[in-house]
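Reader: I'm new to this and would love a close look at one part of a structure. Could you walk me through it?
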Amino acid sequence: MTFPTVDSARLIRDGGIDAMAALDAVIFEAIEGLSPQEQQIIKRAFGEAMGGIIVNLINPAVRAFPELETNQSAWSAIAESRASIRANRSVRALLRTPSSNV
């Protein structure tokens with residue numbers, strides 16, 4: 001994967017971090033009440049998805065633009081910022097949706 005600009009690479013890195021945080025936030029709720037075997041299957045699927053995000057999106061962006069390398073606190077700040085942006089977009093979309101009287 002090639003990135004034409006540092007801005008495009010940053011957006012992809014940040015989107016990947018956001019996706020990782022979203023998956024991490026729901027994994028324990030998703031496996032609650034499942035048998036240990038079912039929990040392992042779900043955890044493995046989440047791990048594979050998260051690994052794919054790192055390998056296919058985040059790492060290539062950072063390799064292309066090493067200045068995008070992050071530490072844990074920067075990673076957390078990006079995840080919080082992206083989640084806030086996503087939540088605000090959802091609220092705006094709901095406000096634009098005409099309500100039905102069904």
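Which residues does I58 touch, not counting residues up to four places away in sequence?

Author: Quick heads-up: this is a predicted model, where local features need pLDDT of at least 70, side-chain atom pairs count only at pLDDT 80 or more, and totals for chains, interfaces and linings use all residues. Residues are numbered from 1 along each chain as its sequence is written, and side-chain values use heavy atoms, with hydrogens and water left out.

Now, I58. Leaving out residues up to four places away in sequence, I58 touches R13, G16, I17, M20, I53 and W75; a touch, or contact, means heavy atoms within 4.5 Å. I58 is one of the buried residues of α2, along with F46, M50, I53, P60, A61 and V62. Buried means under 20% relative accessible area, using a 1.4 Å probe and protein chains only. Helices such as α2 are DSSP runs (H or I, at least four residues), numbered from the N terminus.

I58 also sits in the largest nonpolar core, which has 13 residues; F3, A9, I17, M20, I58, F65 and L68 touch the most other members. Two or more residues each come from α1 (6-31), α2 (36-64) and α3 (72-96), and α2 gives the most, with 5. Such a core is a set of buried Ala, Val, Leu, Ile, Met, Phe, Trp, Tyr and Cys residues joined through side-chain atoms within 4.5 Å.

What about the helix itself? There's a kink of about 35 degrees in α2, centred on I54. That bend is the angle between axes fitted to the seven residues ending there and the seven starting there.

Technical notes: Buried < 20%, exposed > 50% of the residue type's maximum accessible area, 1.4 Å probe, protein only.
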